[in-house]
Amino acid sequence: MMARTLFSRLIISQSCHNVIIQQLKLAPFTCRTASMVRQISCTVCKFEESDSDERKGPKKTSDPKMEGCKGYIPRFVDPEESLRYMDSEAYKDVYKDEPVWKPYRKNAKGNFYPKIRKTCIRQGAISTASPCPICRDDYLVLDYRNIKLLKQFISEITGKPRNLRQIGLCMRQFKKLQLELAKAQDYGYIEKSFPFRNYDYTYYYNLVSKNKMSESPEDTSQNTNIPAGEPSQNTTEQQSSP
Amino acid sequence: MAALRKNMQSFRKLNNICTSYCRTSIARHLKTIFSKGDPLEYFLRGDVETILRRITGFDPERTFFHHKVKYANRPTYKVLTDEELQQEYQKGEEIKERRLQMPPFMNCREEPDTIIADDPDIAPAIDSNYVFVDISEDYERIKGYSLRPVVIRHENGQLKPADWHTFDRVSQIYFPVPGREVYPPKMFEEDNLEPLLKEENYLYILERACVQFEPDSSDFIRVTHRIYEHIAAHHCFDCLRSTRFFGPMAFYFAWINKIEPLLAEMIGRDLLVDAIDLINLKRIIHNQSIKEGDILKIIKDYYLEDSNKHHIEVLRDALNDLEKRLEAKMQKKQESC
(Lines give C-alpha, C1' and ligand atoms only; values in the text may rest on other atoms or scores of the structure.)
Protein backbone atom coordinates (compact mmCIF):
# COMPACT_ATOMS: atom_id res chain seq x y z
CA MET A 1 0.00 0.00 0.00
CA MET A 2 2.75 2.43 1.01
CA ALA A 3 4.86 1.75 -2.09
CA ARG A 4 1.95 2.30 -4.43
CA THR A 5 1.10 5.71 -2.99
CA LEU A 6 4.75 6.86 -3.27
CA PHE A 7 4.98 5.76 -6.89
CA SER A 8 1.75 7.47 -7.89
CA ARG A 9 2.95 10.73 -6.32
CA LEU A 10 6.24 10.53 -8.27
CA ILE A 11 4.38 10.08 -11.56
CA ILE A 12 2.15 13.06 -10.87
CA SER A 13 5.09 15.31 -9.97
CA GLN A 14 7.17 14.37 -13.03
CA SER A 15 4.32 14.99 -15.42
CA CYS A 16 4.02 18.62 -14.32
CA HIS A 17 6.02 21.17 -16.28
CA ASN A 18 7.10 23.01 -13.20
CA VAL A 19 8.67 20.13 -11.33
CA ILE A 20 8.93 20.75 -7.71
CA ILE A 21 10.95 18.17 -5.88
CA GLN A 22 8.74 17.37 -3.01
CA GLN A 23 9.98 15.88 0.13
CA LEU A 24 7.69 12.95 0.27
CA LYS A 25 6.68 12.43 3.79
CA LEU A 26 6.08 8.85 4.65
CA ALA A 27 3.16 8.24 6.87
CA PRO A 28 4.26 6.50 10.06
CA PHE A 29 3.69 2.75 9.86
CA THR A 30 1.41 1.54 12.60
CA CYS A 31 -0.06 -1.80 13.35
CA ARG A 32 -3.47 -0.44 13.93
CA THR A 33 -5.06 -0.13 10.50
CA ALA A 34 -8.60 -0.64 9.53
CA SER A 35 -7.92 -3.68 7.37
CA MET A 36 -6.53 -5.80 10.17
CA VAL A 37 -9.06 -7.62 12.25
CA ARG A 38 -7.97 -9.91 15.00
CA GLN A 39 -9.23 -13.36 14.43
CA ILE A 40 -9.78 -15.65 17.31
CA SER A 41 -10.42 -19.31 16.69
CA CYS A 42 -10.68 -22.27 18.97
CA THR A 43 -8.50 -25.29 18.42
CA VAL A 44 -8.95 -28.50 20.31
CA CYS A 45 -5.69 -30.14 21.26
CA LYS A 46 -5.85 -33.92 20.99
CA PHE A 47 -3.10 -35.46 23.00
CA GLU A 48 -2.11 -39.10 22.33
CA GLU A 49 0.80 -41.05 23.66
CA SER A 50 1.90 -42.31 20.26
CA ASP A 51 2.15 -38.73 19.03
CA SER A 52 4.47 -37.75 21.86
CA ASP A 53 6.87 -40.56 21.06
CA GLU A 54 7.07 -39.59 17.41
CA ARG A 55 7.72 -35.99 18.30
CA LYS A 56 10.68 -37.03 20.47
CA GLY A 57 12.17 -38.98 17.61
CA PRO A 58 13.46 -42.55 17.12
CA LYS A 59 14.39 -44.49 20.23
CA LYS A 60 17.99 -44.74 21.35
CA THR A 61 19.64 -48.01 20.28
CA SER A 62 23.01 -49.59 20.57
CA ASP A 63 22.27 -51.85 17.63
CA PRO A 64 25.42 -51.80 15.44
CA LYS A 65 23.25 -51.98 12.31
CA MET A 66 21.96 -48.54 13.20
CA GLU A 67 25.46 -47.05 13.27
CA GLY A 68 25.45 -43.50 11.96
CA CYS A 69 21.66 -43.18 12.17
CA LYS A 70 19.67 -40.88 14.37
CA GLY A 71 19.23 -42.31 17.86
CA TYR A 72 22.31 -44.54 17.76
CA ILE A 73 24.45 -44.54 20.89
CA PRO A 74 28.10 -44.43 19.73
CA ARG A 75 30.45 -46.95 21.32
CA PHE A 76 33.59 -45.91 23.09
CA VAL A 77 36.56 -47.06 20.99
CA ASP A 78 40.19 -47.12 22.08
CA PRO A 79 42.47 -44.90 20.02
CA GLU A 80 44.70 -47.90 19.41
CA GLU A 81 41.80 -49.86 17.98
CA SER A 82 41.14 -46.89 15.74
CA LEU A 83 44.75 -47.09 14.52
CA ARG A 84 44.19 -50.71 13.51
CA TYR A 85 40.92 -49.77 11.83
CA MET A 86 42.71 -47.28 9.58
CA ASP A 87 44.77 -50.12 8.08
CA SER A 88 41.94 -52.63 7.92
CA GLU A 89 39.92 -53.84 4.94
CA ALA A 90 36.68 -52.53 6.46
CA TYR A 91 38.05 -49.00 6.19
CA LYS A 92 39.12 -49.51 2.59
CA ASP A 93 35.69 -50.92 1.70
CA VAL A 94 33.90 -47.86 2.97
CA TYR A 95 36.27 -44.98 2.17
CA LYS A 96 38.55 -46.47 -0.49
CA ASP A 97 41.32 -43.96 -1.19
CA GLU A 98 39.47 -40.74 -0.51
CA PRO A 99 39.73 -38.70 2.65
CA VAL A 100 36.99 -39.43 5.14
CA TRP A 101 35.16 -36.15 4.59
CA LYS A 102 34.96 -36.37 0.79
CA PRO A 103 31.73 -38.38 0.47
CA TYR A 104 30.00 -36.29 3.14
CA ARG A 105 27.92 -33.29 2.19
CA LYS A 106 26.16 -31.05 4.68
CA ASN A 107 22.48 -30.44 3.87
CA ALA A 108 22.41 -26.86 2.70
CA LYS A 109 19.23 -25.53 1.17
CA GLY A 110 20.05 -23.14 -1.62
CA ASN A 111 23.17 -21.02 -1.88
CA PHE A 112 23.67 -20.40 1.76
CA TYR A 113 25.91 -22.59 3.87
CA PRO A 114 24.25 -23.39 7.18
CA LYS A 115 25.61 -22.59 10.60
CA ILE A 116 28.28 -24.97 11.81
CA ARG A 117 26.72 -27.61 14.01
CA LYS A 118 27.65 -27.52 17.67
CA THR A 119 27.60 -31.29 18.13
CA CYS A 120 26.07 -34.31 16.46
CA ILE A 121 25.74 -36.28 19.68
CA ARG A 122 23.43 -35.11 22.41
CA GLN A 123 22.71 -37.00 25.62
CA GLY A 124 24.81 -39.90 24.44
CA ALA A 125 23.01 -40.53 21.14
CA ILE A 126 23.29 -39.15 17.63
CA SER A 127 20.68 -36.42 17.34
CA THR A 128 20.85 -35.60 13.63
CA ALA A 129 19.96 -37.45 10.49
CA SER A 130 23.30 -36.61 8.81
CA PRO A 131 26.06 -36.61 11.41
CA CYS A 132 29.55 -35.40 10.58
CA PRO A 133 32.16 -37.80 9.11
CA ILE A 134 33.71 -38.63 12.49
CA CYS A 135 30.61 -38.86 14.65
CA ARG A 136 28.93 -41.25 12.22
CA ASP A 137 31.77 -43.80 12.33
CA ASP A 138 32.49 -45.33 15.74
CA TYR A 139 35.98 -46.39 14.86
CA LEU A 140 37.27 -43.04 13.68
CA VAL A 141 38.81 -41.50 16.78
CA LEU A 142 40.82 -38.31 16.57
CA ASP A 143 44.04 -38.97 18.46
CA TYR A 144 47.55 -37.53 18.29
CA ARG A 145 48.90 -40.96 17.38
CA ASN A 146 46.40 -41.43 14.56
CA ILE A 147 48.41 -39.44 12.05
CA LYS A 148 46.71 -41.01 9.05
CA LEU A 149 43.34 -39.67 10.12
CA LEU A 150 44.61 -36.29 11.28
CA LYS A 151 46.42 -35.64 8.02
CA GLN A 152 43.19 -35.96 6.07
CA PHE A 153 41.81 -32.88 7.79
CA ILE A 154 44.80 -30.55 7.41
CA SER A 155 46.11 -28.61 4.43
CA GLU A 156 49.44 -29.93 3.16
CA ILE A 157 50.85 -26.47 2.51
CA THR A 158 50.24 -24.83 5.87
CA GLY A 159 49.79 -27.73 8.32
CA LYS A 160 46.62 -26.09 9.68
CA PRO A 161 43.10 -27.59 9.76
CA ARG A 162 41.13 -27.18 6.58
CA ASN A 163 38.07 -25.01 6.24
CA LEU A 164 35.13 -26.36 8.26
CA ARG A 165 32.91 -25.99 5.22
CA GLN A 166 35.10 -28.44 3.34
CA ILE A 167 35.46 -31.09 6.02
CA GLY A 168 31.96 -30.77 7.47
CA LEU A 169 32.78 -31.52 11.11
CA CYS A 170 30.72 -30.41 14.08
CA MET A 171 32.34 -27.91 16.47
CA ARG A 172 32.98 -30.48 19.15
CA GLN A 173 34.97 -32.72 16.80
CA PHE A 174 36.73 -29.71 15.29
CA LYS A 175 37.98 -28.58 18.69
CA LYS A 176 39.16 -32.11 19.33
CA LEU A 177 40.93 -32.05 15.97
CA GLN A 178 42.70 -28.81 16.87
CA LEU A 179 43.81 -30.23 20.21
CA GLU A 180 45.08 -33.52 18.84
CA LEU A 181 46.80 -31.74 15.96
CA ALA A 182 48.60 -29.47 18.43
CA LYS A 183 49.69 -32.54 20.41
CA ALA A 184 50.93 -34.32 17.29
CA GLN A 185 52.90 -31.23 16.25
CA ASP A 186 54.35 -31.07 19.75
CA TYR A 187 55.60 -34.64 19.40
CA GLY A 188 56.87 -33.95 15.91
CA TYR A 189 54.65 -36.48 14.12
CA ILE A 190 53.08 -33.77 11.97
CA GLU A 191 54.96 -30.77 10.63
CA LYS A 192 54.16 -27.24 11.62
CA SER A 193 54.90 -23.89 10.08
CA PHE A 194 57.17 -21.48 11.96
CA PRO A 195 59.24 -18.48 10.95
CA PHE A 196 62.86 -18.80 9.88
CA ARG A 197 65.34 -17.92 12.64
CA ASN A 198 68.10 -15.46 11.79
CA TYR A 199 70.97 -14.52 14.09
CA ASP A 200 72.54 -11.17 14.82
CA TYR A 201 76.21 -12.05 14.45
CA THR A 202 77.44 -8.79 16.00
CA TYR A 203 76.46 -10.15 19.41
CA TYR A 204 78.58 -13.26 18.89
CA TYR A 205 81.57 -11.27 17.60
CA ASN A 206 81.31 -9.15 20.75
CA LEU A 207 81.19 -12.26 22.92
CA VAL A 208 84.34 -13.65 21.38
CA SER A 209 86.23 -10.38 21.73
CA LYS A 210 85.12 -10.08 25.36
CA ASN A 211 86.34 -13.60 26.08
CA LYS A 212 89.69 -12.86 24.45
CA MET A 213 90.19 -9.71 26.49
CA SER A 214 89.51 -11.35 29.81
CA GLU A 215 92.30 -13.74 30.69
CA SER A 216 91.78 -17.20 32.19
CA PRO A 217 89.89 -18.12 34.36
CA GLU A 218 86.95 -16.84 32.29
CA ASP A 219 84.51 -14.48 33.96
CA THR A 220 81.20 -16.19 34.45
CA SER A 221 79.52 -12.79 34.50
CA GLN A 222 79.54 -12.69 30.71
CA ASN A 223 77.29 -15.70 30.49
CA THR A 224 74.83 -14.95 33.29
CA ASN A 225 71.55 -13.27 32.73
CA ILE A 226 72.39 -10.17 34.71
CA PRO A 227 74.14 -8.06 32.13
CA ALA A 228 76.55 -5.33 33.12
CA GLY A 229 76.08 -3.85 29.67
CA GLU A 230 74.68 -0.48 28.75
CA PRO A 231 71.65 -0.01 26.56
CA SER A 232 72.76 -0.34 22.96
CA GLN A 233 71.02 0.31 19.69
CA ASN A 234 70.49 -2.82 17.72
CA THR A 235 69.12 -2.94 14.23
CA THR A 236 65.60 -4.24 14.22
CA GLU A 237 65.40 -6.15 11.00
CA GLN A 238 62.07 -7.68 10.34
CA GLN A 239 61.91 -11.42 9.98
CA SER A 240 59.91 -11.87 6.84
CA SER A 241 59.64 -15.29 5.35
CA PRO A 242 60.69 -15.33 1.70
CA MET B 1 39.51 -21.64 22.92
CA ALA B 2 39.46 -21.48 26.71
CA ALA B 3 38.60 -25.16 26.86
CA LEU B 4 41.44 -25.90 24.45
CA ARG B 5 43.90 -23.99 26.64
CA LYS B 6 42.75 -25.86 29.73
CA ASN B 7 43.20 -29.18 27.96
CA MET B 8 46.73 -28.28 26.89
CA GLN B 9 47.65 -27.22 30.42
CA SER B 10 46.47 -30.47 31.94
CA PHE B 11 48.23 -32.40 29.18
CA ARG B 12 51.51 -30.71 30.03
CA LYS B 13 51.17 -31.16 33.79
CA LEU B 14 50.52 -34.86 33.36
CA ASN B 15 53.63 -35.27 31.27
CA ASN B 16 56.12 -33.81 33.76
CA ILE B 17 58.35 -31.68 31.65
CA CYS B 18 60.92 -30.79 34.28
CA THR B 19 61.99 -34.35 34.99
CA SER B 20 62.58 -35.28 31.39
CA TYR B 21 65.87 -33.47 30.82
CA CYS B 22 68.62 -35.99 31.52
CA ARG B 23 71.21 -33.55 32.72
CA THR B 24 73.87 -36.09 33.65
CA SER B 25 74.16 -37.45 30.11
CA ILE B 26 74.25 -33.94 28.65
CA ALA B 27 76.91 -32.91 31.14
CA ARG B 28 79.10 -35.85 30.23
CA HIS B 29 78.78 -35.15 26.49
CA LEU B 30 79.52 -31.47 26.93
CA LYS B 31 82.55 -32.09 29.10
CA THR B 32 84.19 -34.30 26.49
CA ILE B 33 83.52 -31.92 23.63
CA PHE B 34 84.14 -28.53 25.11
CA SER B 35 87.16 -29.31 27.24
CA LYS B 36 89.37 -28.23 24.34
CA GLY B 37 88.31 -24.60 24.50
CA ASP B 38 85.86 -22.21 22.90
CA PRO B 39 84.72 -23.30 19.43
CA LEU B 40 83.03 -19.97 18.69
CA GLU B 41 86.44 -18.32 18.26
CA TYR B 42 87.26 -20.65 15.40
CA PHE B 43 83.72 -20.71 13.98
CA LEU B 44 83.63 -16.95 13.47
CA ARG B 45 87.01 -16.76 11.72
CA GLY B 46 86.90 -15.50 8.12
CA ASP B 47 88.84 -18.38 6.57
CA VAL B 48 86.71 -20.97 8.41
CA GLU B 49 83.54 -19.28 7.24
CA THR B 50 84.67 -19.26 3.60
CA ILE B 51 85.56 -22.94 3.79
CA LEU B 52 82.20 -23.83 5.30
CA ARG B 53 80.35 -21.79 2.71
CA ARG B 54 82.25 -23.47 -0.09
CA ILE B 55 81.46 -26.92 1.26
CA THR B 56 77.70 -26.27 1.62
CA GLY B 57 77.27 -25.26 -1.99
CA PHE B 58 74.08 -23.79 -3.38
CA ASP B 59 71.11 -25.62 -4.83
CA PRO B 60 68.13 -23.25 -5.12
CA GLU B 61 65.55 -26.00 -4.62
CA ARG B 62 67.10 -27.08 -1.35
CA THR B 63 68.18 -23.70 -0.02
CA PHE B 64 64.82 -22.02 -0.53
CA PHE B 65 62.81 -25.04 0.54
CA HIS B 66 59.99 -24.40 3.03
CA HIS B 67 58.50 -27.22 5.01
CA LYS B 68 55.25 -25.50 5.81
CA VAL B 69 54.23 -21.97 4.95
CA LYS B 70 52.07 -19.64 7.03
CA TYR B 71 49.62 -18.76 4.24
CA ALA B 72 48.95 -20.62 1.03
CA ASN B 73 49.44 -17.87 -1.55
CA ARG B 74 49.05 -18.13 -5.27
CA PRO B 75 52.11 -17.39 -7.39
CA THR B 76 52.27 -13.87 -8.84
CA TYR B 77 53.33 -13.04 -12.38
CA LYS B 78 54.96 -9.73 -13.13
CA VAL B 79 56.14 -7.93 -16.25
CA LEU B 80 59.49 -6.28 -15.48
CA THR B 81 62.03 -4.04 -17.15
CA ASP B 82 65.70 -5.08 -17.16
CA GLU B 83 66.47 -2.86 -14.16
CA GLU B 84 63.59 -4.24 -12.19
CA LEU B 85 64.70 -7.75 -13.05
CA GLN B 86 68.17 -6.95 -11.68
CA GLN B 87 66.55 -5.72 -8.49
CA GLU B 88 64.64 -8.97 -8.18
CA TYR B 89 67.87 -10.92 -8.61
CA GLN B 90 69.43 -8.83 -5.83
CA LYS B 91 66.48 -9.59 -3.58
CA GLY B 92 67.02 -13.23 -4.34
CA GLU B 93 70.66 -12.87 -3.30
CA GLU B 94 69.65 -11.30 0.01
CA ILE B 95 67.19 -14.12 0.66
CA LYS B 96 69.88 -16.65 -0.18
CA GLU B 97 72.25 -15.05 2.35
CA ARG B 98 69.59 -15.22 5.02
CA ARG B 99 68.73 -18.85 4.30
CA LEU B 100 72.39 -19.91 4.33
CA GLN B 101 73.26 -18.09 7.57
CA MET B 102 74.77 -20.73 9.82
CA PRO B 103 73.64 -21.05 13.45
CA PRO B 104 76.71 -20.42 15.63
CA PHE B 105 78.58 -23.38 17.03
CA MET B 106 79.10 -22.49 20.65
CA ASN B 107 80.10 -23.70 24.02
CA CYS B 108 77.25 -24.51 26.39
CA ARG B 109 76.34 -21.58 28.61
CA GLU B 110 77.15 -22.12 32.25
CA GLU B 111 74.48 -22.25 34.90
CA PRO B 112 74.72 -19.21 37.16
CA ASP B 113 75.95 -20.03 40.64
CA THR B 114 76.17 -16.65 42.34
CA ILE B 115 74.03 -15.73 45.33
CA ILE B 116 72.77 -12.17 45.16
CA ALA B 117 71.26 -12.10 48.62
CA ASP B 118 70.85 -14.57 51.43
CA ASP B 119 68.01 -13.99 53.90
CA PRO B 120 67.33 -17.22 55.80
CA ASP B 121 64.95 -15.30 58.12
CA ILE B 122 62.38 -15.06 55.31
CA ALA B 123 62.49 -18.81 54.63
CA PRO B 124 59.47 -19.87 56.77
CA ALA B 125 57.22 -17.41 54.92
CA ILE B 126 58.13 -18.65 51.43
CA ASP B 127 56.06 -21.63 50.32
CA SER B 128 57.46 -21.97 46.79
CA ASN B 129 60.05 -20.37 44.53
CA TYR B 130 59.22 -16.85 43.44
CA VAL B 131 60.42 -15.63 40.06
CA PHE B 132 61.07 -11.93 39.50
CA VAL B 133 61.54 -10.42 36.04
CA ASP B 134 62.73 -6.97 35.08
CA ILE B 135 60.48 -5.80 32.23
CA SER B 136 62.12 -2.42 31.55
CA GLU B 137 63.37 -1.72 28.06
CA ASP B 138 66.94 -0.71 28.69
CA TYR B 139 68.81 -3.94 28.32
CA GLU B 140 70.89 -5.12 25.45
CA ARG B 141 68.83 -7.05 22.97
CA ILE B 142 70.08 -9.84 20.78
CA LYS B 143 67.92 -10.05 17.73
CA GLY B 144 65.12 -12.41 18.68
CA TYR B 145 66.18 -12.87 22.29
CA SER B 146 66.25 -10.60 25.28
CA LEU B 147 68.79 -10.62 28.10
CA ARG B 148 66.90 -9.45 31.11
CA PRO B 149 67.55 -10.19 34.74
CA VAL B 150 65.41 -13.05 35.93
CA VAL B 151 65.87 -13.81 39.56
CA ILE B 152 64.47 -16.52 41.83
CA ARG B 153 63.87 -16.32 45.55
CA HIS B 154 64.26 -19.90 46.67
CA GLU B 155 62.50 -21.50 49.60
CA ASN B 156 65.61 -21.33 51.74
CA GLY B 157 65.65 -17.54 51.45
CA GLN B 158 68.41 -17.26 48.84
CA LEU B 159 68.07 -14.89 45.94
CA LYS B 160 69.81 -16.30 42.86
CA PRO B 161 69.75 -15.64 39.15
CA ALA B 162 67.41 -18.07 37.41
CA ASP B 163 68.68 -21.27 35.86
CA TRP B 164 68.61 -21.22 32.09
CA HIS B 165 65.50 -23.35 31.58
CA THR B 166 63.41 -21.04 33.77
CA PHE B 167 65.00 -18.02 32.15
CA ASP B 168 64.03 -19.20 28.65
CA ARG B 169 60.45 -19.87 29.70
CA VAL B 170 59.97 -16.57 31.48
CA SER B 171 61.63 -14.65 28.67
CA GLN B 172 59.24 -16.22 26.19
CA ILE B 173 56.20 -15.23 28.27
CA TYR B 174 57.08 -11.56 28.51
CA PHE B 175 59.03 -11.05 25.29
CA PRO B 176 57.85 -13.71 22.90
CA VAL B 177 59.88 -14.84 19.92
CA PRO B 178 57.57 -15.87 17.05
CA GLY B 179 57.47 -19.60 16.54
CA ARG B 180 58.86 -20.44 19.97
CA GLU B 181 56.86 -22.35 22.59
CA VAL B 182 57.01 -21.48 26.27
CA TYR B 183 57.47 -25.13 27.18
CA PRO B 184 59.91 -26.87 24.81
CA PRO B 185 58.06 -29.32 22.55
CA LYS B 186 58.15 -32.96 23.53
CA MET B 187 59.87 -33.91 20.28
CA PHE B 188 63.19 -32.61 21.66
CA GLU B 189 63.25 -34.98 24.63
CA GLU B 190 65.65 -37.86 24.18
CA ASP B 191 63.03 -40.63 24.12
CA ASN B 192 60.84 -38.85 21.61
CA LEU B 193 63.71 -37.75 19.38
CA GLU B 194 64.84 -41.26 18.48
CA PRO B 195 61.74 -42.40 16.51
CA LEU B 196 61.74 -39.10 14.64
CA LEU B 197 65.34 -39.57 13.55
CA LYS B 198 64.47 -42.90 11.99
CA GLU B 199 62.32 -41.10 9.44
CA GLU B 200 65.38 -39.01 8.49
CA ASN B 201 63.49 -35.73 8.53
CA TYR B 202 66.57 -34.00 9.97
CA LEU B 203 66.04 -30.60 8.43
CA TYR B 204 62.67 -30.03 10.08
CA ILE B 205 63.97 -30.95 13.55
CA LEU B 206 67.06 -28.78 13.15
CA GLU B 207 65.10 -25.75 11.96
CA ARG B 208 62.61 -26.12 14.78
CA ALA B 209 65.48 -26.41 17.26
CA CYS B 210 66.94 -23.17 15.90
CA VAL B 211 63.68 -21.35 16.56
CA GLN B 212 63.04 -22.94 19.94
CA PHE B 213 66.48 -22.78 21.56
CA GLU B 214 69.39 -20.39 21.72
CA PRO B 215 72.62 -21.67 20.10
CA ASP B 216 74.37 -21.84 23.47
CA SER B 217 71.63 -23.71 25.32
CA SER B 218 72.33 -27.27 26.38
CA ASP B 219 69.19 -28.55 24.64
CA PHE B 220 70.18 -27.07 21.30
CA ILE B 221 73.66 -28.57 21.55
CA ARG B 222 72.31 -31.95 22.60
CA VAL B 223 69.74 -32.10 19.79
CA THR B 224 72.05 -30.89 17.01
CA HIS B 225 74.94 -33.13 18.04
CA ARG B 226 72.64 -36.15 18.27
CA ILE B 227 71.35 -35.43 14.76
CA TYR B 228 74.88 -35.08 13.35
CA GLU B 229 75.91 -38.38 14.92
CA HIS B 230 72.82 -40.08 13.51
CA ILE B 231 73.60 -38.70 10.06
CA ALA B 232 77.16 -40.00 10.28
CA ALA B 233 75.95 -43.45 11.35
CA HIS B 234 73.51 -43.65 8.43
CA HIS B 235 75.66 -41.82 5.84
CA CYS B 236 72.96 -39.27 5.00
CA PHE B 237 75.26 -36.27 4.70
CA ASP B 238 73.60 -35.21 1.49
CA CYS B 239 70.36 -34.41 3.34
CA LEU B 240 71.88 -31.21 4.67
CA ARG B 241 73.92 -30.14 1.67
CA SER B 242 73.18 -26.55 0.47
CA THR B 243 71.28 -25.82 3.68
CA ARG B 244 72.42 -23.72 6.61
CA PHE B 245 73.32 -26.76 8.72
CA PHE B 246 76.00 -28.36 6.57
CA GLY B 247 78.63 -25.92 7.81
CA PRO B 248 78.02 -26.48 11.52
CA MET B 249 77.90 -30.23 10.90
CA ALA B 250 81.28 -30.22 9.18
CA PHE B 251 82.63 -27.98 11.95
CA TYR B 252 81.33 -30.44 14.56
CA PHE B 253 83.11 -33.39 12.96
CA ALA B 254 86.31 -31.40 12.59
CA TRP B 255 86.07 -30.30 16.23
CA ILE B 256 85.72 -33.86 17.56
CA ASN B 257 88.25 -35.21 15.07
CA LYS B 258 85.86 -37.49 13.21
CA ILE B 259 85.88 -36.21 9.63
CA GLU B 260 86.52 -39.62 8.05
CA PRO B 261 82.87 -40.58 7.26
CA LEU B 262 82.20 -37.17 5.71
CA LEU B 263 85.49 -37.30 3.79
CA ALA B 264 84.64 -40.73 2.45
CA GLU B 265 81.24 -39.48 1.27
CA MET B 266 82.82 -36.49 -0.49
CA ILE B 267 85.41 -38.70 -2.19
CA GLY B 268 82.64 -41.06 -3.25
CA ARG B 269 80.85 -38.16 -4.96
CA ASP B 270 84.10 -36.94 -6.60
CA LEU B 271 84.04 -33.72 -4.56
CA LEU B 272 87.80 -33.70 -4.03
CA VAL B 273 88.10 -29.93 -3.59
CA ASP B 274 85.55 -30.15 -0.77
CA ALA B 275 87.55 -33.00 0.75
CA ILE B 276 90.66 -30.84 0.87
CA ASP B 277 88.66 -27.98 2.36
CA LEU B 278 87.50 -30.28 5.11
CA ILE B 279 91.03 -31.48 5.85
CA ASN B 280 92.26 -27.88 6.01
CA LEU B 281 89.35 -26.97 8.28
CA LYS B 282 90.41 -29.66 10.70
CA ARG B 283 94.00 -28.40 10.54
CA ILE B 284 92.92 -24.83 11.32
CA ILE B 285 90.83 -25.92 14.30
CA HIS B 286 93.64 -27.97 15.76
CA ASN B 287 96.14 -25.14 15.13
CA GLN B 288 98.12 -26.90 12.41
CA SER B 289 99.28 -25.40 9.16
CA ILE B 290 97.27 -25.69 5.96
CA LYS B 291 98.83 -27.73 3.19
CA GLU B 292 98.45 -26.96 -0.47
CA GLY B 293 99.44 -28.79 -3.58
CA ASP B 294 98.33 -31.86 -5.47
CA ILE B 295 94.83 -32.86 -4.44
CA LEU B 296 95.32 -36.61 -4.38
CA LYS B 297 98.61 -36.28 -2.57
CA ILE B 298 97.08 -34.24 0.25
CA ILE B 299 94.28 -36.75 0.73
CA LYS B 300 96.66 -39.68 0.73
CA ASP B 301 99.02 -37.96 3.16
CA TYR B 302 96.10 -37.28 5.46
CA TYR B 303 95.01 -40.93 5.22
CA LEU B 304 98.48 -42.19 6.06
CA GLU B 305 99.44 -39.76 8.80
CA ASP B 306 96.76 -37.71 10.50
CA SER B 307 93.48 -39.60 10.23
CA ASN B 308 91.65 -40.85 13.25
CA LYS B 309 92.52 -44.56 13.42
CA HIS B 310 89.09 -45.55 14.75
CA HIS B 311 87.30 -44.49 11.58
CA ILE B 312 89.98 -45.24 9.04
CA GLU B 313 88.25 -48.17 7.32
CA VAL B 314 85.58 -46.01 5.69
CA LEU B 315 88.27 -43.75 4.30
CA ARG B 316 90.30 -46.66 3.03
CA ASP B 317 87.35 -48.09 1.11
CA ALA B 318 86.56 -44.71 -0.39
CA LEU B 319 90.14 -44.18 -1.52
CA ASN B 320 90.29 -47.62 -3.11
CA ASP B 321 87.09 -46.88 -5.03
CA LEU B 322 88.53 -43.57 -6.14
CA GLU B 323 91.70 -45.19 -7.46
CA LYS B 324 89.66 -47.75 -9.41
CA ARG B 325 87.57 -45.00 -10.97
CA LEU B 326 90.63 -43.00 -11.93
CA GLU B 327 92.24 -46.07 -13.50
CA ALA B 328 89.07 -46.78 -15.46
CA LYS B 329 89.09 -43.18 -16.74
CA MET B 330 92.74 -43.39 -17.80
CA GLN B 331 92.07 -46.63 -19.67
CA LYS B 332 89.14 -45.10 -21.51
CA LYS B 333 91.27 -42.13 -22.54
CA GLN B 334 94.03 -44.39 -23.83
CA GLU B 335 91.53 -46.48 -25.79
CA SER B 336 89.95 -43.41 -27.34
CA CYS B 337 93.40 -42.04 -28.32
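## Aromatic contacts in a predicted model

At 5% relative accessibility, Phe105(B) counts as buried, and this assignment, like the others below, refers to a predicted model. Tyr252(B) is likewise buried, with a relative accessible area of 1%. Phe105(B) and Tyr252(B) form a tilted aromatic pair, and the two rings link distant parts of the chain, since Phe105(B) lies in the loop between helix 6 (82–99) and strand 1 (117–118) of chain B, whereas Tyr252(B) belongs to helix 11 (residues 246–255), 147 residues apart. Both rings are members of a cluster linked by ring pairs, which also includes Tyr42(B), Phe43(B) and Trp255(B).

Over all chains, the count comes to 21 aromatic pairs. One of them, in chain A, is the stacked pair of Tyr144(A) and Tyr187(A). Tyr144(A) lies in the loop between strand 2 (125–126) and helix 5 (147–152), and Tyr187(A) in helix 7 (residues 171–187), so the pair ties together parts that are 43 residues apart in sequence. Tyr144(A) is buried at 17% relative accessible area, and Tyr187(A) is buried at 10%.

| Aromatic pair | Centre to centre | Angle between planes |
|---|---|---|
| Tyr144(A) and Tyr187(A) | 5.2 Å | 15 degrees |
| Phe105(B) and Tyr252(B) | 6.4 Å | 45 degrees |

Charged side chains also meet aromatic rings: the charged end of Arg99(B) sits over the ring of Phe196(A), 4.3 Å from its centre, and Lys96(B) lies over the face of Phe58(B), at 4.3 Å from the ring centre.

At the surface, Tyr183(B) is partly exposed, with 34% relative accessibility, and lies in the loop between helix 7 (164–174) and helix 8 (190–198) of chain B. Together with Ile135(B), Ile173(B), Tyr174(B) and Val182(B), Tyr183(B) makes a nonpolar surface patch of about 450 Å².

Notes: Residues are numbered from 1 along each chain as its sequence is written. Chains are lettered from A and ligands numbered from 1 in the order in which they are written. This is a predicted model: local features need pLDDT of at least 70, side-chain atom pairs count only at pLDDT 80 or more; totals for chains, interfaces and linings use all residues. Side-chain values use heavy atoms; hydrogens and water are left out. Patches are made of residues with over 30% relative accessible area and no salt bridge: like charges are joined within 9 Å, nonpolar side chains (Val, Leu, Ile, Met, Phe, Trp, Tyr) within 5 Å. Accessible areas come from the Shrake-Rupley method with a 1.4 Å probe; for residues, only the protein chains shown count as cover. A salt bridge is a side-chain nitrogen of Lys or Arg within 4 Å of a carboxyl oxygen of Asp or Glu. Helices (H or I, at least four residues) and strands (E, at least two) are DSSP runs, numbered from the N terminus. Buried means under 20% relative accessible area, exposed over 50%, partly exposed in between (1.4 Å probe, protein chains only). Rings of Phe, Tyr and Trp (its six-membered ring) pair if their centres lie within 6.5 Å; planes under 30 degrees apart count as stacked, over 60 as edge-to-face and the rest as tilted. A charge sits over a ring if NZ of Lys or CZ of Arg is within 6 Å of the ring centre and within 35 degrees of the ring normal.
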